[in-house]
Amino acid sequence: MKTKKSILSKRFFPGNRGGVLIYSLWVLCFMAIFAAAVGNAVNQYIRVGAYFQNSPRARYAAEAAVRVAVDVLAGDTNEYDALTEPWASPEAADEKTPARFKNVPIGQGTFSFEIVDEARKINLRTASAETLERLFSEVGHADAQTAHTIANSILSWQDVRSVSREGGAENSYYRELKDSYDIPNRKIEVIEELLWVKGMTPDLFRKIKDFVTVWGDGKININTASREVLLSVGCTASLAEKIVAYRLGQDETLGTKDDKVFERIELIPAALMSGAFLGMEDEASLLKVYSMSVFTVSSVYFTVKAQGTVGGRTERIDCILDRSGKFSSWRE
Ligand SMILES: [Ca+2]
């Protein structure tokens with residue numbers, strides 16, 4: 001009679017070399033699978049570890065970008081701010097201040113940044129209803145009634161009185177909404193507040209958000225303002241295009257030697273009248289807008305958009321910096 005032991009022995013240890021070999025292969029196979037599983041887990045652990053390790057490194061790289069941006073602005077000491085200057089346009093940078101804004105190597109990663117002056121934008125805290133209306137109709141392509149409603153509602157949103165202005169909306173409107181709320185009756189603090197103003201839509205906000213600010217005294221830097229912003233402050237389409245073209249010079253290219261800059265406010269009308277091929281309507285529009293003291297030639301507040309990348313991990317810092325080097329806002 002065969003014992004249990006002998007059956008097992010026969011099955012797993014049949015007493016021939018082939019059987020031992022098969023058993024050994026099974027063991028090896030099991031060990032290989034086990035090793036692969038452990039290796040995979042360790043790899044994942046290392047990857048996750050590196051990811052979290054790279055996060056602070058990327059953040060330091062972004063902070064380094066902000067520091068360099070501060071230096072670039074500190075190095076700009078003339079009386080005007082224009083798109084031809086190194087802070088605004090790396091392409092225009094000279095040998096002393098090389099283009100150093102994009103993918104600058106630092107440690108095991110890189111950083112990039114861009115500087116945008118806020119005086120090229122419409123200030124939501126100071127703009128007139130007419131300027132806002134033009135912004136929403138000419139730039140946002142809203143119909144006249146919607147543009148009128150939003151413009152006046154922005155003023156109502158910010159003024160301390162609670163009597164509704166024509167076309168605007170006070171609490172009596174917002175309290176009737178499904179998700180009701182009270183308006184702040186103080187100056188707008190972040191441009192995203194617009195999304196709560198009567199008549200505004202996310203689509204319209206997307207179209208105008210790059211042309212509005214809450215920083216500065218409300219004067220528009222004629223050296224940096226876009227065609228859209230010039231239109232909004234009351235320039236005719238023809239004048240707005242001629243101002244932008246005048247700045248680029250004859251070659252119509254930014255960052256070349258024939259670029260023109262308005263160095264002083266009082267020189268703006270004469271410079272344009274002699275060099276921008278203005279027609280009679282352009283001149284009338286220029287004198288009208290100029291007489292409303294909307295223009296300046298320099299900027300006080302600057303947005304710095306910085307990012308640092310290390311090992312595939314990117315961290316961003318958006319901040320507002322003023323001419324004295326002080327940060328007014330910091331978002332990470
Ligand atoms: Ca400057």
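Two strands count as paired when DSSP finds at least two bridges between them. That idea helps with the first stop in this predicted model, the hairpin of strand 1 and strand 2. Just 2 residues sit between these strands, and in this hairpin G107 takes a positive phi near 55°. The two strands run antiparallel and are joined by 3 bridges. One of the matched pairs puts P105 across from T110, its bridge partner in strand 2.

Strand 2 then carries on into a bigger picture. Its other pairing is with strand 7, in the antiparallel sense, over 9 bridges, and here F111 stands opposite G308 of strand 7. Strand 7 (residues 301-310) is in turn hooked up to strand 8 (residues 313-322) by 10 bridges, and this pair is antiparallel too. Within it, T303 has I320 of strand 8 as its bridge partner. Put together, 5 strands make an open sheet in the order 1-2-7-8-9, with antiparallel pairing. Strand 1 (104-106) and strand 9 (327-331) each have a single partner strand, so these two stand at the edges and one side of each is left without a neighbour in the sheet. From one strand to the next, the twist averages 25°.

Side chains in a regular strand alternate between the two faces of the sheet. Strand 2 (residues 109-117) fits this nicely: G109, F111, F113, I115 and D117 make up its covered face, while T110, S112, E114 and V116 make up the uncovered one.

What about the inside of the protein? Nonpolar side chains tend to be buried together in soluble globular proteins. Here, the largest nonpolar core has 67 residues, and A69, F113, I115, F136 and A306 are those with the most contacts inside it. Helix 2 (residues 17-74) gives the largest share of this core, with 8 residues. Two of the names in that list, F113 and I115, also appear on the covered face of strand 2. As for F136, leaving aside residues up to four places away in sequence, it touches A142, T146, A147, I150, A151, L204 and I208.

F136 also belongs to the buried part of helix 3, along with T131, L132, E133, R134, L135, S137 and V139. Helix 3 (residues 129-139) is mostly covered, then, with 8 of its 11 residues buried. The cover over those buried residues includes strand 3 (122-123), helix 4 (144-158), helix 6 (202-208) and helix 7 (227-232). Just after helix 3 comes H141, which takes a positive phi of about 55°.

Another spot to look at is where two helices meet. Helix 8 (residues 237-248) and helix 10 (residues 280-291) pack with their axes 9 Å apart, at an angle of about 85°. Angles of 65 to 115 degrees count as roughly perpendicular, and helix 8 and helix 10 are therefore roughly perpendicular to each other. On the helix 8 side, the contact is made by S238, L239 and K242; on the helix 10 side, by E281, D282, S285 and L286. Sorted by class, this contact has 3 charged, 2 polar and 2 nonpolar residues.

Zooming out, the secondary structure of the protein comes to 10 helices and 9 strands. Of its 332 residues, 34% are buried. Among contacts between residues at least 6 apart in sequence, 65% join residues at least 24 apart.

Conventions:
Residues are numbered from 1 along each chain as its sequence is written. This is a predicted model: local features need pLDDT of at least 70, side-chain atom pairs count only at pLDDT 80 or more; totals for chains, interfaces and linings use all residues. Axes are lines fitted to C-alpha atoms, for helices over the stretch in contact, and angles run from 0 to 180 degrees between N-to-C directions. Helices (H or I, at least four residues) and strands (E, at least two) are DSSP runs, numbered from the N terminus. Angles under 35 degrees count as roughly parallel, over 145 as roughly antiparallel, 65 to 115 as roughly perpendicular and the rest as oblique. Two residues are in contact if their C-beta atoms, placed from the backbone, lie within 7 Å. Ala, Val, Leu, Ile, Met, Phe, Trp, Tyr, Cys and Pro count as nonpolar, Asp, Glu, Lys and Arg as charged, and the others, Gly among them, as polar. A nonpolar core is a set of buried Ala, Val, Leu, Ile, Met, Phe, Trp, Tyr and Cys residues joined through C-beta atoms within 7 Å. A residue is buried if 20 or more other C-beta atoms lie within 10 Å of its own, exposed if 12 or fewer, and partly exposed in between; C-beta atoms are placed from the backbone.
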